[in-house]
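Reader: I have just opened this one and have not looked at it before. Could you walk me through how its parts meet?
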Amino acid sequence: RFSSWGRRINSFSTAAAAIDEPIHPSIQIDHTQLLINGQFIDAASGRTFPTVDPRTGDVIARVAEGDLEDINRAVAAARKAFDEGPWPKMTAYVTSRIMLRFADLLEKHAGEVAKLETWDNGKPYEQAAKIEIPMVVRMFRYYAGWADKIHGFTVPADGQHHVQTLHEPYGVCGLIIPWNFPLLLYSWKVGPALACGNTVVLKTAEQTPLSAIYVSKLFHEAGLPPGVLNVVSGFGPTAGAALSSHMDVNKLSFTGSTATGKVVLALAAKSNLKPVTLELGGKSPFIVCKDADVDKAVELAHSALFFNQGQCCCAGSRTLVHESVYDEFVEKAKARALKRVVGDPFKTGIEQGPQIDNEQFKKILKYIRSGIESGATLESGGEQFGSKGYYIQPTVFSNVQDDMLIAKDEIFGPVQSISKFKDLEEVVQRANASSYGLAAGVFTQNIETANTLTRALRVGTVWINCYDIFDAAVPFGGFKMSGQGREKGIYGLSSYLQVKAVVTPLKNPAWL
Amino acid sequence: GKNSGRNGIGKRFSTAAALENLIVPPVQIAYTQNLIDGKFVDAASGKTFPTYDPRTGDVIANVAEGDAEDIDRAVAAARKAFDEGPWPKMTPYERSRIMLRFADLVEKHSEELAALETWNNGKPHEQAAKSELPMFIRLFHYYAGWADKIHGLTVPADGPHHVQTLHEPIGVAGQIIPWNFPLLMFAWKIGPALACGNTVVLKTAEQTPLTALYVAKLFHEAGLPPGVLNVVSGYGPTAGAALASHMDVDKVAFTGSTDTGKIVLELAAKSNLKPVTLELGGKSPFIICEDADVDKAVELAHFALFFNQGQCCCAGSRTFVHERVYDEFIEKAKARALRRVVGDPFRKGVEQGPQIDTEQFEKVLRYIRAGIESNATLECGGDRLGTKGYFVQPTVFSNVMDDMLIAQDEIFGPVQSILKFKDIDEVIRRANNTRYGLAAGVFTKSVETANTLTRALRAGTVWVNCFDVFDAAIPFGGYKMSGIGREKGIYSLHNYLQVKAVVTPLKNPAWL
């Protein structure tokens, strides 16, 4: 198995030319400070931290480093904007017009924003520009349309009372977003939070602080009143923990690793019992059934795992293939991985850029080594790609057993793990034998199989003969340790509303 | 006695002189043909009919007169657009973008549209420009936001079946709108119909054909595919009946008089059983309780009746006043009516323009005579104003009895009828003693009274201490002979969707 390494590395596409001269994105970085109460300001401490270009490890810019004091200021601004500002008293129609104006501005600046996102994250520019930014725009238009449609109920009573429910904003929402899809996750959280009339303190990931600052400025240009949306760059243990523990934050929403999610929930519990939405990690099964069109299954399974450098919470990271198509599948999956185009994300035609940073890069290489050591078959890849930055060769393991670390832990990198199964009951039981439960892919033409697997898999999303479909209205979130609550769609609203029951006695009611 | 005040009063009306030197409307009439399959075309017969300026009775323009053949062509275009065209297969997001672009175009042209609406209808220009056009734009924003939020359900079954409901567009919707609020009624109907993915044939009122053509053209500029929205001008007994009877129209929605509504429903039943929504007439009670602040009550009751020249289906046309405040109320209601500014709707400060046409004008005067002959007390008004056009003096009757014609029939003019009551149970009984049931106004400070009346009144809208509040999300429609179904808000979507249940057996379901 090891002897194929040397040959494999040389046969990766565009190995030589891809990473020699990183293309400069040709954009300015105008804003690196915190955005609090409608103004750009330095961190209280004056400190800054670097954000890095993952193609090279070079510093792109230094960004204000928010800490406890800055979180306090941001929360105070958000509190004032909620309690005294115009925002919650504006009609929802007016709010929605601001959100729509923001979407239009974002669309206008889409090119620059996509470049910023690519530069800071390493994802292919074409992906950022053609898929993600339009999705962000779409998401804000979607939630703008919900703003004026938040209905409560009138409720049948057991006695002579008139009962209704009001669905009210929580107040100040703390939002903590990750680095893998900075702007997309910005839209998944800021969209519904604002549509429901809340004010926000957003803490970005330290790896990717830039795009949120840029677009939040556009939001203010669109007419958002000061204090409604505050953006604090910084680190988890400092700014993130401060936000999670803050006594005056009414609601928290966190996307990130399961380990950090547990810390966030504990902090919320210990402080003021603020309700928490969590979108955490996953180890999602992609199940290829015996009737599968193998070529299509290979392509879909490949993108389910390798998309975004493998850095998706819902990556299809356990590829379970029926024994009758297993050998053909592995051959083709290996060939497909060998064809994957790795290189400078600013180049056209690139499918895979670098991993986000050194920490992730090293972690993935550790998992690859563990896969090799545990006796899985290394079909392709297995090492760093090139010598600069955080690129990793598209890596495929076959003959993966359920008890291997690479089958259990979330790797968050371009490492596909293929296992064999015999029948449906077995694969259901193995797919569900995970502390995670974020998503699953099912590849079959058979209605009965599709329906059976759909109900049996303990996951928040089942993609049948497709994967990573993220339309605005489709809810997303995890079972078990993959999270709590749902984002997107109508379900996303529940995270940002609380219910007030209102009860009045009726005298001589004409009916009950 | 009661009649002698007439001539003296007539001279004291405000701005009688304003009926001279009529302002020339600052707008050109560009579109007078039918709009079918994206093109402006003459009527099949080549015929045209005149549309008038109600300030003078002069002809503004001659408009294509649609009849059965034109309705056939329009329905064929709508059918083709639905069955084969891009519209139902566009993503809802794309449909919503077109609707939003349309709203923006209307906003851009709102001055011309307000002028055209005023010219053709006679309503005060300030009302059209500052209230109705913004409401129109707001409604299309509202409905654009619903387009991508049409949810069905997954449904619990009694056995091993997977069950879901799809909420599908109904197909070709025939819509017939009245002349009292031409643009607003366009929005109330077209908005939800298109948001739900249907195609439309719209038949406008013969009195007010112009603004629908103008905005429909803007809709095509916004990217609406041909055939999705077809506009036919014409008369009820010809074009309207043809649409209501058409075998290939899947749904009809009508707003107009109760008498015509009965015909529409009958034609729908006799043809293809197409589902029907009806918004018909009313004789809505406005109930002023003994704790009322009389000045505020007078103003609100005045507005509830006299708004839009009294030409509202939901006009508060039976003003019930508690005996304790009755005398004071009459005095003040009369004074308020005498102060009502009647004149050229294009003039600033004018509250009341002309009635829509000679037929309505004569009908209103007939009812006034009936009121006088039945011995109600004529407090003010009672005759036409000026010698040209269709202006009627703001008229107030007091001491009206329930059995008088003016207390039972819908007058649809500036004629307020004030009745006295003693207690709540009595007024409930009397308010409900009508075949209509569109709206009601309740004026009281008492929570208990408000709650009691709210539940007791058999009306589709109860306005408590307000009237004519028409926010986009508030459903509107009638009980009894005031109509069937609700428009606006989430409720209006039901009118334009049908429900398909989808059932598949489950084999080995993990849960039921």
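Author: What follows is a short conversation about the domains and the interface between them, and the model is a predicted one.

Reader: Okay, so which domains is chain A divided into?
Author: Chain A is split into domain 1, which covers 34-280 together with 485-498, and domain 2, which covers 285-473. Taken over C-alpha atoms, the centres of domain 1 and domain 2 of chain A are separated by 30 Å.

Reader: And how many residues of each are in contact?
Author: On the side of domain 1 of chain A there are 33 residues in contact with 32 residues of domain 2 of chain A. Between them the two domains of chain A bury about 2,500 Å², with 61% of that area on carbon and sulfur atoms. Pro54(A), Arg55(A) and Trp179(A) supply 24% of what domain 1 of chain A buries against domain 2 of chain A, which is more than any other three residues.

Reader: Switching to polar links, how many salt bridges does the rule find across that interface?
Author: The rule finds one salt bridge across the interface of domain 1 and domain 2 of chain A. Arg55(A) forms a salt bridge with Asp344(A), where the closest N and O atoms are 2.9 Å apart. Across the interface of these two domains of chain A there are also ten residue pairs in polar contact.

Reader: Which helix gives the largest share of domain 1's side?
Author: That is H6(A), which contributes eight residues to the side of domain 1 of chain A that touches domain 2 of chain A. By class, this side of domain 1 of chain A has twelve nonpolar, eleven polar and ten charged residues.

How values were computed. Residues are numbered from 1 along each chain as its sequence is written. Chains are lettered from A and ligands numbered from 1 in the order in which they are written. This is a predicted model: local features need pLDDT of at least 70, side-chain atom pairs count only at pLDDT 80 or more; totals for chains, interfaces and linings use all residues. Side-chain values use heavy atoms; hydrogens and water are left out. Domain bounds come from an automatic or database domain assignment. Contact means heavy atoms within 4.5 Å. Buried area is the accessible area (1.4 Å probe) that two parts lose on being put together, summed over both. A salt bridge is a side-chain nitrogen of Lys or Arg within 4 Å of a carboxyl oxygen of Asp or Glu. A polar contact is a pair of N or O atoms within 3.5 Å; within protein, one must be able to donate a hydrogen and the other to accept it, and residues adjacent in sequence count only if both atoms are side-chain atoms. Helices (H or I, at least four residues) and strands (E, at least two) are DSSP runs, numbered from the N terminus. Ala, Val, Leu, Ile, Met, Phe, Trp, Tyr, Cys and Pro count as nonpolar, Asp, Glu, Lys and Arg as charged, and the others, Gly among them, as polar.
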